[in-house]
Amino acid sequence: MPSKLENATAAQVTALKGVIRNSSYVIPGLYDLSIEDTNWVLTSSFIIFTMQTGFGMLESGCVSIKNEVNIMMKNVIDIVLGGFTYWLFGYGISFGRGPLSNPFMAIGDFLLDPPVGDELMGQIFAAFLFQLSFATTSTTIVSGAMAERCNFKAYCLFSLLNTVVYCIPAGWVWGEHGFLNNLGAVDIAGSGPVHLIGGAASFASAAMLGPRLGRYAEGYDPLPLGNPVNACMGLFVLWWGWLAFNSGSTYGVSGAKWQYAARAAVMTMMGSFGGGFVSCIYSFWRHDGRMDIMDLINGILGSLVSITAGCFLYRAWEALIIGALGSLLCVVAMPLFDRMGVDDPVGASAVHGVCGIWGVIAVGLFADNPVPMDTTKGRSGLFKGGGWYLLGIQTLSAFCLACWGICSTFMLLYVINKVIPIRMDPHEELLGADLTEHRIRHTQIGLSRAISALAPIKVDLSEIIGVQPIGLNPGHERSINQLRAAEDKLQQWQSYLDQVSGNNKRLPTPKRTLEERQMDSDIKFNLKSANANASDKEELDNVFGRKVKSMHARRDIWTQEQGSYKPNNSELPVISHVTKLDKDANFAWVD
């Protein structure tokens, strides 16, 4: 070790001293960060976390309204539970450096918490936060594929354990111990470990859950979106976060890193331009000149996934081609998955899975050698005269990651299903997860119809019948109903007094509620008749005695033979066909 310190740079000396002090630390290269590099990594991490907002908005916009809150809660859970387990053991099995580490999995640095006196404390925390942002992104990809029919409690358990599905293959590609890394696999920002793993897990989970009720009853066409505007807003937020995702993966701005960070940002945008262009043409062709919103959104996202693995290794025209091909693969794969019976509400299997495979392989075709950086270990892609080696390693990497993502997710969900059923009950799916899981009741989406349909089959709905609709204050509504009831009582009492007094055989109809009168007043203002008597017109009073100016309503004339007034409030007793006017037991309710 002393000989290494003599020939090392200042930053490497600091890192190597840390290794001497604590042999469980991750490779020194991961902590070889200057102050400028640390600022870049931290800032990129903060922006990458905003992608959770984008995923939440996109997914909530793609599902039905009665499940939009549920999908947002899943995104929150992904950060809370997934982040906790990543700190607990996820970081250690990706980048840990201990005596038991092997080419399959690292072991070490669990419960990461360097002390205050540690010279590498800042670098360790910066590295951890950056990798944490990647881990939560990969985990939350799966939530969209499981939308609208996954038991929320089962999903919480899945989110808690899904860290293993991501962290082990992340170590293969990026860890010092990883066998793919040692073979020379290249993935700058995670087309493979993040997106391909997330897409493969999405495919497995959607296949294992089965399609939503009635999904393919009327063919394979996509279901209507719950909120298309939210879906578009989610695209913009993800677009913004992707710039930090790719540019931040230079892991600093010192030396030549800042140049490649700028190149990564521009190539990311170029790839999305190519993807958006192709998805527009495809949508116009497939839908007879009309633009399908999901074709455009997922086409752009697919191009971003495709460019991620080699974001600063491409020329501009190459980025356009890679993004365009990724977008085409995505929009073609989405209906194919539906025909396979894999119901993916947001298209995560195509966007992240299929395009993730293409993104990893594209490095083997188009990659430059980014001198003076050692990203590709001096190798270039097939089209740049680098031969077949890099392409072969990238293809092997894509195959290993896809197999791991699908198989590990199937196994994990199988175990969880033995503990908690992963599929919602059919009646819960009909009512929506917002109501059954979170007691949030939306209006005008057919919930009353669903409740009525479920009543004859004796489904226990006692817990949801009394849930108040969102957007209303039950206390205010109760007060308003009491005021209306009081006004109806006063009107009926006045009508009764007029009847028993015998002064007028012509009985006017009682006053309607203030709301009904106001609706009529929108049509009839200052209603006058040349032959009308003053007694036939009366200013309307509300329950507080305030007069509504310039508003007159016509009264229909009822005779005694027609019977007396039937009250508006159905909860009050009805007086009909009065024959004896001196006393009536029906008015015992009057205070």
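# A guided tour of the predicted model

Begin by selecting helix H12, residues 257-286: at 1.5 Å a residue its 30 residues should span 44 Å, and because the C-alpha atoms at its ends lie 43 Å apart, the expected and the computed values agree. Bear in mind from here on that this is a predicted model. Moving past the end of H12, select Asp-288, which follows the helix and has a positive phi, near 55°.

Next, show the whole protein before going further into its parts. Its secondary structure consists of 22 helices and four strands, and of its 591 residues 49% count as buried. If you draw the contacts between residues at least 6 apart in sequence, 75% of them join residues at least 24 apart. With a surface displayed, the accessible area comes to about 27,800 Å², and carbon and sulfur atoms account for 61% of that area.

Now select Asp-37, which is found in helix H3, residues 35-49. Is Asp-37 buried or exposed? With a relative accessible area of 2%, Asp-37 is buried. Leaving aside residues up to four places away in sequence, show what Asp-37 touches: Asp-32, Tyr-251, Gly-252, Val-253, Ser-254 and Lys-257. The last of these neighbours brings you back to the helix where the tour began, since H12 covers residues 257-286.

The charged pairs are the next stop, and the count of salt bridges comes to eleven. Select Glu-437 and Lys-153, whose side chains meet in a salt bridge with a distance of 3.8 Å from N to O. Glu-437 belongs to helix H18 (residues 433-438) and Lys-153 to helix H7 (residues 152-161), so this pair ties together parts that lie 284 residues apart in sequence. Lys-153 itself is exposed, with a relative accessible area of 54%.

Continue to Glu-318 and Lys-384, a salt bridge in which the closest N and O atoms are 2.9 Å apart. Here Glu-318 sits in helix H14 (residues 316-339), while Lys-384 sits in the loop between helix H15 (348-366) and helix H16 (389-419), so the pair ties together parts that are 66 residues apart in sequence. The two partners are covered to different extents, as Glu-318 counts as buried at 1% relative accessibility, whereas Lys-384 counts as partly exposed at 28%.

Select Glu-429 together with Arg-423 for another salt bridge, where the closest N and O atoms are 2.9 Å apart. Glu-429 is buried, with a relative accessible area of 8%, and Arg-423 counts as partly exposed at 23% relative accessibility. Then display Glu-148, Arg-212, Arg-215, Asp-338 and Asp-343 as a group, which a network of salt bridges links together.

Finish with the cysteines. How many disulfides does the structure hold? The structure holds zero disulfides, and two cysteines can be inspected in turn. Select Cys-156 with Cys-150, which contains the closest cysteine sulfur: the sulfur of Cys-156 is 9.1 Å from it, too far for a bond. Cys-156 counts as buried, at 15% relative accessibility. Then select Cys-407 and Cys-403: Cys-407 is in no disulfide, and the nearest cysteine sulfur, that of Cys-403, is 5.9 Å away. Cys-407 is partly exposed, with a relative accessible area of 45%.

Methods. Residues numbered from 1 in each chain as written. Predicted model: local features only at pLDDT ≥ 70, side-chain atom pairs only at ≥ 80, totals over all residues. Heavy atoms only, no water. Helix = DSSP H or I, 4+ residues; strand = E, 2+ residues; numbered from the N terminus. Expected span 1.5 Å × (residues − 1). Salt bridge = Lys/Arg side-chain N within 4 Å of Asp/Glu carboxyl O. Buried < 20%, exposed > 50% of the residue type's maximum accessible area, 1.4 Å probe, protein only. Disulfide = S-S within 2.5 Å. Contact = heavy atoms within 4.5 Å. Areas by Shrake-Rupley, 256 points an atom, 1.4 Å probe, with all protein chains shown as cover.
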